[in-house]
Amino acid sequence: MSSGLFGFTFNTLRKRANDPNNGDFWLPQKLRGADSPSKSGKLLPLTANEWDLGAIQGQAGTDLSKTVAGQWWLKKVGMDRKSDPDIEKHEAIPCPESPFPKLSMQEISIFGLDNVFIMDNPLIEKKSSGYSAKLSVEFHHYTDPGKFPGLEPFHLIGKYFFQQCVCSSPFGSSNLGSPKCDTWYPSETISTHGNFNFQFNGIFADVVIEIMILGAGNERKFIAEVREILIRGIDLNTEPELAISELTAESSLKFSLNNIWLPKAKDALTSDSGRKGLFLSLNQTLNLPENLKKISDMLTSQVEEFFDKTLGDVPPGKLTDRRISASENAADQYLLDRIEYSLNHTGSDYYLPDLIRKFSEPKLEPFTIQNIPLEKVEYYGLEFHDIMLNKVVVEGLSHAGIFPGSLIGKETGSEMKLSIPPSFISSENGNQDKLLSVPLSIRAPFSMKAFDGEEDVVIEGSLRINVSQSILQTFIILEGDEVGSLKIGFDLIQIQAELANISLNITLDSTFEDLIEAILNEDGMKQGILDSVNQKLAEQLASVGNFVTEYVKKALLSKLDGVSV
């Protein structure tokens, strides 16, 4: 999990968000269902009242302005002053103070934002507050309208307005480099407008998202805040291909719009200057605070739905009342606390006591050990040796609950501390697991030999150890970038108990009963038995990890994809 728990969540969710057969998480469907900022209608298609793209500069702008000036001179001035001999002394020029055509657009609608596919390999930065992520999306990914009805190519429709100031100037002044208007004919602003439909090919966007946790203690909430959406082409620092599929024209000047003006207008719109203004306005609309807020709300809801579906929901105020330290990652710890609630909650699919009872390879409830040899001991001049516990049965590992706030993320994994029995777990609707009140116990037949100075005396009986309060300390290592490659490993499973909390009773048909019980209740004997049990648990770390991995993967895939467990 090189990118942390968020990277694992992103990769797992991304696969479902890109799957048209996933009715819960497919992103186009989620975007189509998002409400508009005004809460009247839907978010998509996004709309804008007006874009001021400014002056279209460069050669294409110059050509269009000269075309308008030439047609104005021919179709209007020439008709008004055709009998004036001074017409030969003047010519038309674009107004020097406004030499380029100005372009604006109105009633713009942006279609195809829901036809989107999330790319892999996001840039993820882990920090104490959560994560910063930059991910890329591809638009017009779904190209078959028969298979994906309603998913359109990325395109804009609306109305455009070109304005060009023109005037008369002394003939030949346009060749002097600094022409000026004269007063022979009044200057005029020529307006041309019409409808447009622009389509884009090879269009992508880079989306910057902040993953954070708001609130404190048991009121913490997950937030995915979209900070920026920037349209680009296939490669970084490139623009998408722009194609004009429709452009109509009406003008205040009567001239050959279709044959003369429209080709020049298309050149102007697709020029570097035209595209720059267009993409600047498009990005500005996408990044309006109200639009980013609605997309953020949708993504937050999507991730929360993912958490609820995979881990179960957490009632308000039931999350661990934890204060996050500066060294902890707030987003990771929030997710770990949700996992903790799920493991402690009796209605969860991951309820820890039930999970431990389900273990088969190895079987943990009860956990059996073939034999435990103990060190020889001398007691009141007698030597007791060959002490052996046989067919040892450890009961109560499943009577465990996680100490609130003890599932903590570390640099190399997560530590988890369980209590046996967990008195801190409260019942819900009377559905308390009654076994949780039963402490850990160990029972076994035992045998030993007592040497009285002349010969060995074989002693056999049975013992039972009760551990009134114990801790099961674990350290978990998570690997894999998404649920399909998930691997859960255990680096530590260890029973810890104060020796004063361990009591031992024996059953022995012998006059040595009180003596043997006193021997076995020695702290050294208790610690030896506990150490031996922990050694056998350590030998099962790999098997425990394999079982948990398969169980969790099957449960997650069932919840996310409907795959049968």
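In this predicted model, helix α1 (residues 4–17) meets helix α6 (residues 289–311), their axes coming within 11 Å and crossing at roughly 100°. That angle makes α1 roughly perpendicular to α6. On the α1 side the contact is formed by T9, T12, L13 and A17, while Q302, V303, F306 and F307 take part from α6. By character, the residues of this contact comprise five nonpolar and three polar ones, with no charged residue.

A helpful place to look more closely is T9, which lies in helix α1. With a relative accessible area of 6%, T9 is buried, because values under 20% count as such. Beyond its neighbours within four places in sequence, T9 is in contact with F306, F307 and L335. D19 gives another view of this part of the chain, being placed in the loop between α1 and α2 (27–33). The relative accessibility of D19 is 27%, so D19 counts as partly exposed. From D19 to E383 there are 364 residues in sequence, and their C-alpha atoms are 72 Å apart in space.

Turning to the interior, the largest nonpolar core holds 152 residues. The residues with the most contacts inside this core are W51, M105, F154, F162, W261, L397 and I516. Helix α11 (residues 541–561) provides the largest share of the core, namely nine residues. For W51, again setting aside neighbours within four places in sequence, the contacts include L103, S104, M105, I108 and I110, and also L156, L278, S281, L282 and T285. A second core, separate from the one around W51, has five residues, among them W26, F117, Y142 and F148.

The strands offer a further landmark in β18 (residues 414–420), where five of the seven residues are buried, so the strand is largely enclosed by the rest of the structure. Several strands pair with β18. Strand β16 (residues 401–402) runs antiparallel to β18 and is joined to it by two bridges, with I402 having L418 as its bridge partner in β18. Strand β17 (residues 408–409) also pairs with β18 in the antiparallel sense, over two bridges, and a hairpin of four residues joins β17 to β18. Within this pairing, G409 has S414 of β18 as its bridge partner. Strand β21 (residues 470–479) pairs with β18 over seven bridges, likewise in the antiparallel sense. Here S414 stands opposite I476 in β21, so S414 appears in the pairing with β17 as well as in that with β21.

Conventions:
Residues are numbered from 1 along each chain as its sequence is written. This is a predicted model: local features need pLDDT of at least 70, side-chain atom pairs count only at pLDDT 80 or more; totals for chains, interfaces and linings use all residues. Side-chain values use heavy atoms; hydrogens and water are left out. Axes are lines fitted to C-alpha atoms, for helices over the stretch in contact, and angles run from 0 to 180 degrees between N-to-C directions. Angles under 35 degrees count as roughly parallel, over 145 as roughly antiparallel, 65 to 115 as roughly perpendicular and the rest as oblique. Contact means heavy atoms within 4.5 Å. Ala, Val, Leu, Ile, Met, Phe, Trp, Tyr, Cys and Pro count as nonpolar, Asp, Glu, Lys and Arg as charged, and the others, Gly among them, as polar. Buried means under 20% relative accessible area, exposed over 50%, partly exposed in between (1.4 Å probe, protein chains only). A nonpolar core is a set of buried Ala, Val, Leu, Ile, Met, Phe, Trp, Tyr and Cys residues joined through side-chain atoms within 4.5 Å. Two strands pair if DSSP finds at least two bridges between them.
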